[in-house]
Amino acid sequence: MIFDPGRRRLLQASITLGAAGALALPFAVQAQEAKPAEKEPEVTATEDLMREHGVIRRALLVYYESIPRLRTKPSSVNAVALQQTAKLFRTFGEDYHERMLEEQHIFPLMRKHGPEFLKYVDTLTEQHNRGREITDYVLAVTKGGKISSAHTKDLADVFESFVLMYQNHAAREDTIVFPAWKKNYSNQQLDQISGQFEEIEHKVFGKDGFEEAEKAISRIETELGLQDLSKFTAPSPPKV
Ligand SMILES: [Fe+2]
Ligand SMILES: [Fe+2]
């Protein structure tokens with residue numbers, strides 16, 4: 001096993017103590033007490049899935065940012081960066097997060113939760129499959145570092161509907177599917193599952209897949225001049 005049982009026992013103890021202690025102690029104090037024996041902060045299974053959504057959402061923002069350019073000034077679009085983003089979406093988002101975690105571990109259990117969840121999971125699976133078709137398309141039209149003028153408007157439309165679909169998809173998973181899935185397990189079982197997820201991550205990527213994916217999307221953002229978060233602060237609304 002790659003995960004450290006000692007680290008997890010410590011976490012378990014802090015969860016047990018937490019109910020009484022959390023009321024009396026500020027969070028920072030509890031975190032300091034737990035820290036000396038831990039090499040790195042614990043990542044739970046659902047936190048793992050949700051931070052993967054964070055990388056996926058950043059890839060969606062790269063697509064979103066290119067939509068007006070594709071429509072009005074296609075020559076300003078960086079096709080290489082879009083190709084790199086689609087490759088990251090394929091390896092990290094589709095082949096790992098969707099196929100190896102959600103479709104293997106989350107969806108089968110949620111299908112047994114009655115007709116409402118069955119329908120939900122069918123839709124989520126259909127959206128995974130549509131996303132894969134879209135990634136194939138993005139990879140094809142950005143191949144060779146250029147986008148033919150025949151594809152620029154279609155690609156803008158595809159990005160627009162894909163970003164809307166996947167923002168909804170990930171938000172529903174974060175707020176409905178993952179919390180419902182988590183309720184099936186005790187804290188100890190969730191601890192074991194997060195260890196299994198970590199093992200899968202190491203098997204697929206040979207190292208920390210999340211760290212590498214985060215670095216990859218950061219590099220793409222820098223390439224496109226999107227690295228400064230303050231660039232996205234909305235302007236003040238009109239005075240009324
Ligand atoms: Fe999903
Ligand atoms: Fe997901």
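**Exercise 1. Which residues coordinate the iron ion (ligand 2)?**

Solution. The model is predicted, local features need pLDDT of at least 70, side-chain atom pairs count only at pLDDT 80 or more, and totals for chains, interfaces and linings use all residues. Residues are numbered from 1 along each chain as its sequence is written, chains are lettered from A and ligands numbered from 1 in the order in which they are written, and side-chain values use heavy atoms, without hydrogens and water.

- Step 1. Look for donors (N, O and S atoms within 2.8 Å of the metal, 3.2 Å for Na, K and Ca; water is not among the atoms, so sites may look incomplete).
- Step 2. His 53 (NE2), His 97 (NE2), Glu 102 (OE) and Glu 173 (OE) coordinate the iron ion (ligand 2) at 1.9 to 2.1 Å.
- Step 3. Along the chain, their spacing reads H-x43-H-x4-E-x70-E.
- Step 4. His 53 sits in helix α3 (residues 45–72) and His 97 in helix α4 (residues 79–111), so this pair, 44 residues apart, links distant parts of the chain. Helices are DSSP runs of H or I, at least four residues, and strands are runs of E, at least two, numbered from the N terminus.

**Exercise 2. Find the donors of the iron ion (ligand 1) and what the two ions share.**

Solution.

- Step 1. Glu 102 (OE), His 128 (NE2), His 169 (NE2) and Glu 173 (OE) lie 2.0 to 2.2 Å from the iron ion (ligand 1).
- Step 2. Their spacing is E-x25-H-x40-H-x3-E. Glu 102 in helix α4 and His 128 in helix α5 (residues 115–141) are 26 residues apart and link distant parts of the chain.
- Step 3. Glu 102 coordinates both ions, which are 3.3 Å apart.

**Exercise 3. Classify both sites.**

Solution.

- Step 1. Apply the cut-offs: four donors are tetrahedral if all angles lie between 85 and 135 degrees; four are square planar and six octahedral if opposite donors are over 155 degrees apart and all others between 65 and 115; anything else is irregular.
- Step 2. The iron ion (ligand 2) has angles of 83 to 165 degrees among its four donor atoms: irregular.
- Step 3. The iron ion (ligand 1) has angles of 84 to 178 degrees among its four: irregular.

**Exercise 4. Are these donors buried or exposed?**

Solution.

- Step 1. Buried means under 20% relative accessible area, exposed over 50%, partly exposed in between (1.4 Å probe, protein chains only).
- Step 2. His 53 is at 0%, hence buried. His 97 is buried at 0%. Glu 102 is buried at 0%. His 128 is buried at 0%.
- Step 3. For the chain, 38% of the 240 residues count as buried.
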